[in-house]
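Let's take a walk through this structure, one region at a time. Have the sequence and the 3D view open as we go.

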Amino acid sequence: MELSKLKDKALRDIAKIDSVERLEALRIHYLGRKGEVTKLFTTLPKLNEEERKIRGQELNVLKREIEKVLLARGKTLEHEKLGTLVKAEKLDVTLPGARPSLGHLHITSQAIEEISRIFAQIGFNRVRYPEIDWDYYAFESLNMPKGHPARDEWETFFMPWEHPRLGRMVLTPHTSNGQVREMERRKPPIRMTNIAKCYRRQSDISHVPMFHQFEGLLVDRAVSVANLKGTLDYFACAFFGPDRKIRLRPFHFRFTEPSFEVDVSCGVCGGTGFVFNPSQPPLNLRGEEQSEPPLRLRGGVGELQERCRLCKSGWLELGGAGMVHPNVLKAGGLDPKEWRGFAFGWGVERTYMMKAGLRIDDIRVLYSNDLSFLEQF
Ligand code: PHE
């Protein structure tokens, strides 16, 4: 074949190639050991010297020419390949990112943080005591000797371990176990909050076997019920809102004297026990639906007032409180003639629900890990 024809053919072939791999095959076809151009070099020895010189030069020119075109085509193909790759894997850094979903604290943890903060502002520092403790701290030191019927209130889980002096081990049924522990740990004046898990053998729509309580204890000289009431009023205003009030009702605990139950005025009806709600069937004084005409209050205003369904009386029950019993002070190594104190304690979950005005049909949803419920808070 004429060298010029061979060159044209090679150049046409190279131009048609569309991949680096096939280009390499083509290189071997022309310039490889048995390639079309290489083969022509083997004919040189047959020529005379003059012809051989001319033919040799022509062949070298042809070889270099093809090499040059192969190289250029190779570069172009590499470039194109990179171009399609860039197009395929294009990353738009201006697109909004995929946001990882953010969790938040459980309602109970939120409430605990808020309660601790409110009491810290008036000098009650938060302490932690065991949530599995000895009978002595949970009952005995709190003026509830072994076998005393008052213990029945705290439906206690007893553990199979016993201490010769401190008695059986229990899952703490209330946070009051922190009272004598705190008195043993440091000298008065004492201002502490003990917030912890509590356990009682009960599970129904308004009880979970594991719940949380917060306990406040203050021990100092010349402490009175007025100080207790003032502290609780402060808490009610800070936690529930400035228009909420506290009420103390006489009660009985073995570890406080006098003892009280603490109520907070209802946030739904403003402490009146009545709300205006014409769409609901009226309730009678026991909170049952009634068929007779609803109670008409504040004659002349003409508003239909119904019993508040949340509190039914204007007040919501929070928990217990009282002045620390002399026997408890003695158990803590303090002289009741010198020191006095007050204590209060109640459920975190209940308190939070009262704040939100929530009426949760079944309190167990708090701990059943249902995200559609928890994410509302
Ligand atoms: N420990 C009591 C309870 O569990 C509440 C309480 C605490 C009462 C402190 C008086 C003083 O009900």
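Where does Pro189 lie? You'll find Pro189 in the loop between helix 7 (177-185) and strand 5. Keep in mind that this is a predicted model. The bond joining Pro188 and Pro189 is a cis peptide bond, with omega about 0°. There's another cis bond to look at, running from Glu257 to Pro258, with omega near -5°. Pro258 isn't in a loop, though: its place is in strand 8 (residues 256-265).

Now for the backbone at two other spots. Asn143 has a positive phi, near 70°, and it is a residue other than glycine. Ala222 also has a positive phi, near 50°, and again this is a residue other than glycine. What about their surroundings? Asn143 sits in the loop between helix 6 (135-138) and strand 3 (157-163), while Ala222 is in the loop between strand 6 and helix 8. Asn143 is buried, with a relative accessible area of 13%, whereas Ala222 counts as exposed at 72% relative accessibility. Setting aside neighbours within four places in sequence, Asn143 is in contact with Arg254, His325, Asn327 and Val328.

Stay in the loop between helix 6 and strand 3 for a moment, and you'll come to Thr156. Is Thr156 buried or exposed? At 15% relative accessibility, Thr156 counts as buried, because the cut-off for that is under 20%. Not counting residues up to four places away in sequence, Thr156 touches Phe139, Val170, Leu171 and Pro173. Try picking out Arg201 too: Thr156 and Arg201 are 45 residues apart along the chain, yet their C-alpha atoms are separated by 6.2 Å.

Another loop residue worth a look is Phe124, between helix 5 and strand 1 (125-127). Phe124 is buried, with a relative accessible area of 2%. Which residues is Phe124 in contact with, leaving aside its neighbours within four places in sequence? The list runs Phe119, Arg191, Met192, Thr193, Leu217, Leu218, Thr231 and Phe342. The C-alpha atoms of Phe124 and Ile190 are separated by 8.2 Å, with their positions 66 residues apart along the chain.

One of those contacts of Phe124, Thr231, takes us to helix 8 (residues 225-240). This helix has 16 residues, which at 1.5 Å a residue should span 22 Å, and its end C-alpha atoms are indeed 22 Å apart. Its buried residues are Leu228, Thr231, Leu232, Phe235, Ala236, Phe239 and Phe240. Why do they line one face of the helix? Seen down the axis of helix 8, these buried residues fall within an arc of 135°, so one face is what they line. The spacing in the list fits a general rule: an α-helix has 3.6 residues a turn, so residues three or four places apart point the same way.

Helix 2 (residues 20-31) can be read in a similar fashion. From its first C-alpha to its last, this 12-residue helix reaches 16 Å, close to the 16 Å expected at 1.5 Å a residue. Leu23, Leu26, Tyr30 and Leu31 are its buried residues. Down the axis of helix 2 they fall within an arc of 100°, so they line one face of the helix. The cover over these residues includes helix 1 (3-16), helix 3 (36-41) and helix 4 (49-88).

Finally, let's look at the empty spaces. The second largest pocket holds about 190 Å³ of space. It is lined by 14 residues, and the closest to its centre are Thr108, Ser109, Ile112, Lys197 and His212. Helix 5 (107-120), strand 5 (190-199) and strand 6 (210-220) each give two or more residues to this lining, and helix 5 gives the most, with 4. By type, the lining divides into 5 nonpolar, 4 polar and 5 charged residues.

How many cavities of 30 Å³ or more does the structure hold? There is 1, and the largest cavity has a volume of about 40 Å³. Its lining is made up of Ile107, Thr108, Glu349, Tyr352, Met353 and Leu366. Helix 5 and helix 10 (348-356) each give two or more of these residues, with helix 10 giving the most, at 3. This lining divides into 4 nonpolar, 1 polar and 1 charged. Notice Thr108, which lines the largest cavity and is also among the residues closest to the centre of the second largest pocket.

Terms used:
Residues are numbered from 1 along each chain as its sequence is written. This is a predicted model: local features need pLDDT of at least 70, side-chain atom pairs count only at pLDDT 80 or more; totals for chains, interfaces and linings use all residues. Side-chain values use heavy atoms; hydrogens and water are left out. On a 1 Å grid over the protein atoms alone, a cavity is a set of points where a 1.4 Å probe fits but cannot get out, and a pocket is an open set with protein on both sides within 12 Å along at least five of seven lines; lining residues have an atom within 4 Å of a point. Grid points are joined across faces, edges and corners, and a volume is the space filled by probe spheres set on the points. Ala, Val, Leu, Ile, Met, Phe, Trp, Tyr, Cys and Pro count as nonpolar, Asp, Glu, Lys and Arg as charged, and the others, Gly among them, as polar. The expected span of a helix is 1.5 Å times one less than its number of residues. Buried means under 20% relative accessible area, exposed over 50%, partly exposed in between (1.4 Å probe, protein chains only). The arc is that of the directions from the helix axis to the C-beta atoms. Contact means heavy atoms within 4.5 Å.
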